[in-house]
Amino acid sequence: MNVVLRGGTIVTQTDPQQPYNGFLADVHIVDGRVQQVLKPGADVQDTSDYNVAGLWLLPGFVQAHTHLVQSLFRGAADDLSLMDWLRLRIWPFEAAHDAESAYWSARLGLTELLLGGTTAILDMASIRHTDAIFQAAEECGIRAHIGKAMMDRANEAGLAETTAAALESSHMLREKWHERGHLRYAYAPRFVPSCTKELLAETVRSARSAGCLIHSHASENRDEIRLVRDITGMENVEYLDSIGMVGPDVALAHCIHLNENEEKILVRTQTAIVHCPGSNLKLGSGVARIPELLRAGAVVTLGADGAPCNNRLDIFAEMRLAALVQKPRLGPESLPAHSVLSMATAQGAQVLGTGGGDIRPGSVADLVAIDIDQAHSWGGMPGAGNIAYSCTPQNVKHVWIDGKQVVENGRVFCWNWQETVNGCRDAFKRIVERASL
């Protein structure tokens with residue numbers, strides 16, 4: 001592939017003195033990577049041109065915490081706190097999945113993600129049917145780290161398995177899918193209340209020996225914190241630290257309720273914190289101390305979480321919320337727009353190791369073209385504020401992953417939308433009947 005994107009305004013953090021201010025340039029892509037960033041109209045031999053005049057070009061967005069297996073449950077678990085949400089709705093629904101319904105759930109979520117400009121994800125599936133999630137991700141071409149949810153403590157929905165079974169099935173999935181195209185395996189113990197110490201410790205050893213990320217939830221809800229204390233006698237992150245489940249290869253979703261020592265652990269170990277403000281607000285879990293963590297040197301990125309607790313997989317909404325929820329507490333400058341845009345692009349790319357997050361020679365060509373000239377978003381100068389505070393997925397025009405176009409004029413190439421709707425409708429009907437909900 002040898003193409004030049006012509007006439008766009010590049011909006012990235014390349015210039016540290018003026019991050020995200022935007023500049024006119026052409027982007028030359030060769031074999032999935034940015035070859036050159038050129039002056040507008042520069043002559044390049046033996047290429048095809050693609051017109052992006054009037055559009056803003058951004059690095060592809062990264063969401064480091066999603067649950068594609070839950071996409072079918074949107075609107076079916078509203079207005080509940082975390083533990084009731086899990087016990088009364090999500091675990092019974094997940095237990096009722098079959099392989100086909102899991103596939104349609106993933107296909108629905110992936111369609112929404114691509115249309116919103118997300119080009120890379122870190123996803124946690126359920127304890128079964130993870131192959132179906134990988135299949136859908138492979139079909140659409142997204143970059144994805146995916147792991148089955150590992151749970152070896154009993155729960156009301158029967159959504160658990162033995163320690164040996166959780167590990168063995170995870171290893172098999174890793175051997176089948178890890179480093180297959182854009183796909184990677186991530187070991188995904190659900191959270192401390194669902195996992196024995198034996199499972200967590202062996203997960204850490206296995207993941208590191210295979211070079212896989214570790215993905216879990218931590219300190220999302222006060223009820224969860226009390227459960228962790230009852231089980232371990234320790235605070236959540238302090239317990240994870242004691243068994244070695246912290247570090248640059250670990251991504252912990254939420255991290256809202258932390259003591260001072262836990263914050264220091266996350267900073268010292270450079271464990272990735274995945275901030276999910278929409279989910280945290282909807283479940284009433286709380287507001288994470290993101291500005292303080294960033295000032296201390298923590299690694300923070302963003303994710304929408306799952307459709308039943310958000311209810312949108314919309315990175316623009318997450319950026320807006322991430323910035324706004326801190327301002328009443330710490331002031332209007334506490335988490336500026338350029339910081340949340342970096343969390344959604346450059347920082348997320350670093351955590352997932354995509355090779356992207358910017359538009360510069362050598363970076364992977366994971367790109368999003370947005371049309372700013374809409375009633376809800378036009379105004380001001382090119383920059384982070386317009387994107388973080390004004391834009392929505394409606395602004396997304398085109399999306400490329402590895403230089404291959406996956407969205408054009410607001411339509412995905414990979415699937416027919418009506419077929420997706422029909423498949424989801426039939427699948428959800430089966431799940432509801434099976435779960436008796």
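This passage looks at the two largest pockets of a predicted model. Local features were kept only at pLDDT of at least 70 and side-chain atom pairs only at pLDDT 80 or more, while totals for chains, interfaces and linings use all residues. Residue numbers run from 1 along each chain as its sequence is written, and side-chain values use heavy atoms, with hydrogens and water left out.

The largest pocket comes out at about 200 Å³. Here a pocket is an open set of points on a 1 Å grid over the protein atoms alone, where a 1.4 Å probe fits and protein lies on both sides within 12 Å along at least five of seven lines; lining residues have an atom within 4 Å of a point. Points are joined across faces, edges and corners, and the volume is the space filled by probe spheres set on them. Helix 2 (99-115) gives the biggest share of this lining, four residues, and strand 18 (411-412) also supplies at least two. (Helices are DSSP runs of H or I with at least four residues, strands are E runs of at least two, both numbered from the N terminus.) Among the lining residues are Leu 108, Glu 112, Arg 411 and Trp 415. By class, the count is five nonpolar, three polar and two charged, with Ala, Val, Leu, Ile, Met, Phe, Trp, Tyr, Cys and Pro taken as nonpolar, Asp, Glu, Lys and Arg as charged, and the others, Gly among them, as polar.

Next comes the second largest pocket, at about 170 Å³. Strand 8 (143-147) leads its lining with three residues, and helix 14 (346-352) adds at least two. Its wall includes Arg 143, His 145, His 182, Arg 184 and Thr 354, and the split is four nonpolar, five polar and two charged.
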